[in-house]
Amino acid sequence: MRAAVRTGWRIGAAAALRGRAGRPLSQAAGEGGEAEGGGGGSGSREAVERLVREHPVVVFMKGSPAQPLCGFSNAVVQILRLHGVEDYRAHDVLQDPDLRQGIKNYSNWPTIPQVYLNGEFVGGCDILLQMHQNGDLVEELKKLGIRSALLDAEKDQEKK
Amino acid sequence: MRGPVLAAAGEAMGGAGGPLARTIRAKLTAALQPTHLEVRNDSPRHGGPPGAETHFGVLVVSGRFAGLPLLQRHRLVHEALRAELAGPLHALQVIARTPQQWQSDPHAPPAPPCLGGSKREQRRG
C-alpha cells in the first residue's frame, strides 16, 4: 500500500518537473541541450541530485521492493531486508526512461541497480553483496544512524 | 602469466564463446593483466535465445586492484569494456579480487536468478 502511494507521488513529481507544456524544464528555460542529462527533466543532474539526497538510503532499481523485476535489483532489496532496512527510497527506472539514463550519467556507472548511502554512490548489487559479507555494510549503516538487524541477531545467538 | 597461457586457460574454463565473450576476455586481459580471468555468458539464464550475448559475469583477479576500494576496481573493469557496455552488453556482474584475496578464497558467489527484467517493462501501481 505504502509503495503504491510512493510510486504515485514519484510519477506526479516527474510530471511536475516536465511542466505543463510537457517539455523538460531545462529546455523550457532556454538552456542549450546538455549531453549529460537523460533528456532533461527527471534525468537531469539536478533532479537526480535531489533524489539521491532525499533519504540516507536511496536505491535505483528495476521494479519495486515489493516486486523486483530483476535478479540483481532483488538481491539489493534482500540484502537491505536482512539488515532490517525497510525504510528507504526506491526508484523504479523501468517507469522512467529519462531517470534510467540520467542516473547512469550521474554516477558514471553503466548498470542498474545503484545504491546511494547519504547521497553518495556506493555501487551496485555485486559491491553491496561484498559489503554485506565482509561487514562493511553494518559499519556504513551505523554511520547513517541505522542499526543493522544483524547486530541484534548476533546478540541473540550469543545469549543462547 | 603470458598471453598464450591465459588464452589457453580461458579456453579450458569455458570454451571460446561467442565474439562478445572473446572481446571481453581480450579487453580485460589487455587492460588489467589478470592472473586469473573467468568470463561467463549468463544470457541463456536471462531468457536469451541460443547465441545471445547480453548478460555476462566476469571474475577478474589482478594485482592492479591492490589498494583500490571495490568501487574503483569495478570502474576499471567498466572502463575496459566501455564500448561494449554502451552497446550490446546489457548486464555485467563483476568480481574483482587481488591475487592474495583470490588465493585465500578461490570461490565466487553464484549470480542471482533472473526475475524477468526489461521484458516485463510495464506500468505498475
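Which residue follows α5(A), and what is the sign of its phi? A:Asn108 follows this helix, and its phi is positive, near 50°. The model is predicted: local features need pLDDT of at least 70, side-chain atom pairs count only at pLDDT 80 or more, and totals for chains, interfaces and linings use all residues. Residues are numbered from 1 along each chain as its sequence is written, and side-chain values use heavy atoms, with hydrogens and water left out.

Helix α5 of chain A spans residues 97-107. Helices are DSSP runs of H or I with at least four residues, strands are runs of E with at least two, and both are numbered from the N terminus. The N-terminal end of α5(A) is capped by A:Asp96. A side-chain oxygen lies 3.1 Å from the backbone nitrogen of A:Asp98. A:Asp98 is buried (under 20% relative accessible area, 1.4 Å probe, protein chains only; exposed is over 50%, partly exposed in between). Other buried residues of the helix include A:Leu99, A:Ile103 and A:Tyr106.

Chain B holds five helices and three strands. Their order from the N terminus is α-α-β-β-α-α-β-α. Of its 125 residues, 40% are buried.

Chain B averages a pLDDT of 83 (the predictor's confidence in each residue, from 0 to 100). Among its elements, helix α3 (residues 70-80) has the highest mean, 98, and helix α1 (residues 3-14) the lowest, 43. Over residues 1-14 of chain B the pLDDT is below 50. This stretch has 10 contacts (heavy atoms within 4.5 Å) beyond near neighbours in sequence. Where pLDDT is low, the predicted coordinates should not be read in detail. For the complex, the predictor gives an ipTM of 0.78 and a pTM of 0.76.

Terms used: Chains are lettered from A and ligands numbered from 1 in the order in which they are written. A polar contact is a pair of N or O atoms within 3.5 Å; within protein, one must be able to donate a hydrogen and the other to accept it, and residues adjacent in sequence count only if both atoms are side-chain atoms.
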